[in-house]
Amino acid sequence: MEMIFPESFGTGDLVGLASPASPVAAGEEELCQKWLEALGFRVQMGETLRKRERVRGYLAGDARSRAEDLNRMFKDPKIKAIFCVRGGYGSAQLLEHLDYDAIRRNPKPLIGYSDITSIHCGIQKKCGLVTFHGPMVRPDLQAPETLWETEMNMEGLAFTVKSLFAACRGKERLFENPPGEPLLPVREGRAGGRLLGGNLSVLVRLLGTPYCPDFKDSILFLEDVGERLPRVDLCLTQLKLAGILEQVRGILLGDFTDCTNAGYEETVDSRTFLKEWEWPEGIPVISNICSDHRWPMATLPLGAGCEIEGTGNGNRGTGSFRFMGLL
């Protein structure tokens, strides 16, 4: 399927604020709207988020209501981009209720990560639309009462917003991490392909479903949070046994935040684990891509073309990552 790169957006535009997964705390929905407005956007809040009538524990609403919010926002020509308020759980429930024909006819940036990986994958598979593994409002775009209180936080927020806009422009460019965060090669090599992936534990749950993208000749990006290392190992092994890792041309690794070896040998940390994992032979693997559960956050255009190159190993090596537009 030929991929579509949506038109970019900017300050002053109307953006949608949706809750496809878990809810924010009562009252925080208005605060999230104010944070987006402080960044220069006009905001239309989704009905599920605004009314909170169907909040059920870890879900912001029933699947049809959450999906319909996204459907309405894609169909509305006044809305130029859609921000997810947060991740959590439940995005996969929306996949059978999304209007993929309408989404393909009305392409626009969808921005989120973590549990939103399910929606990224479904839209890429069914619509051929580039979506954005980028900041959500509740954890990443808090402004100005909180993040702007210190100079460091102002710089972090500025980097996060700048990276988002750069990714949405779709131009050929070199990927940039936050200052002081180099790309670290795990295995040398050079490769190009379509960028796919997201949260590892969410991604593996889509294997065998109609919403799993075709990973052949892709560059696979993976990150995760709060999983024990044996579970990370299990997910990676599942990708291997499913034949996914044999199909890709290269691998990019974000942080595996708070992924520990609790209950086993505590001295094994996630970076050491990932460095020593048995990745497929003959493909480059580059780590420390800061598009994950750390802050500040860089944005990745999932579905777009990219080229990666790693020389050397670890802290003694160098890595690069360039966006190449559509392939």
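In this predicted model, P296 sits in the loop that links β11 (285-287) to β12. The peptide bond leading into this proline, from W295 to P296, is cis, and its omega is near 0°. The loop thus offers a convenient way into the architecture, as β12 (300-302) is one of the two edge strands of an open sheet, pairing on one side only.

That sheet is built from six strands in the order β2-β1-β3-β4-β5-β12, and its pairing is mixed. At the edge opposite β12 in this order stands β2 (42-45), which likewise pairs on one side only. Neighbouring strands of the sheet are turned by 30° against each other on average, with direction ignored. Within the sheet, β1 (residues 14-18) and β3 (residues 79-84) run parallel and are joined by five bridges. Among the residues involved, L14 has I79 of β3 as its bridge partner. A helix accompanies these strands: α1 (residues 28-38) lies across β1, β2 and β3, and runs at about 155° to β2.

The loop between β3 and α4 (100-105) holds V85. This valine has a relative accessible area of 0% and therefore counts as buried, the cut-off being under 20%. Its surroundings draw on several parts of the chain. Leaving aside residues up to four places away in sequence, V85 touches L17, A18, S19, V24, C32, L49, M136, V137, R138 and P139. For one of these residues, S19, the separation from V85 is 66 residues in sequence, yet the two C-alpha atoms are 5.5 Å apart in space.

A second set of pairings centres on β8 (residues 189-199), which pairs with β13 (residues 305-311) in the antiparallel sense over six bridges. Here R194 has G305 of β13 as its bridge partner. Strand β8 is also joined to β9 by six bridges, and in this case the two strands run parallel. In that pairing, L196 stands opposite L220 of β9. Strand β8 thus takes part in an antiparallel pairing with β13 and a parallel one with β9.

Strand β9 (218-225) also contributes to the largest pocket, being one of the elements that give two or more residues to its lining, along with α6 (137-140) and α8 (200-204). The pocket holds about 520 Å³ of space. Its lining comprises 23 residues, and G88, Y89, S114, D115 and V202 lie nearest the centre. By class, the lining is made up of eight nonpolar, nine polar and six charged residues.

One of the residues nearest the pocket centre, S114, also stands out in its backbone geometry. Although not a glycine, S114 has a positive phi of about 65°. This serine is placed in the loop between β4 (110-112) and α5 (117-127). Is S114 buried or exposed? With a relative accessibility of 11%, S114 is classed as buried.

A positive phi is also found at D258, where the value is about 55° although this residue is not a glycine. The aspartate belongs to the loop between β10 (250-257) and α11 (270-276). Its relative accessible area is 61%, so D258 counts as exposed, for which the cut-off is over 50%. The two positive-phi residues described here therefore fall into opposite classes, with S114 buried and D258 exposed.

Note on methods. Residues numbered from 1 in each chain as written. Predicted model: local features only at pLDDT ≥ 70, side-chain atom pairs only at ≥ 80, totals over all residues. Heavy atoms only, no water. Pairing = 2+ DSSP bridges. Helix = DSSP H or I, 4+ residues; strand = E, 2+ residues; numbered from the N terminus. Axes fitted to C-alpha atoms, helices over the stretch in contact; angles between N-to-C directions. Contact = heavy atoms within 4.5 Å. 1 Å grid on protein atoms, 1.4 Å probe; cavity = no way out; pocket = protein on both sides within 12 Å on 5 of 7 lines; lining within 4 Å. Points joined across faces, edges and corners; volume = space filled by probe spheres on them. Nonpolar A, V, L, I, M, F, W, Y, C, P; charged D, E, K, R; others polar. Buried < 20%, exposed > 50% of the residue type's maximum accessible area, 1.4 Å probe, protein only.
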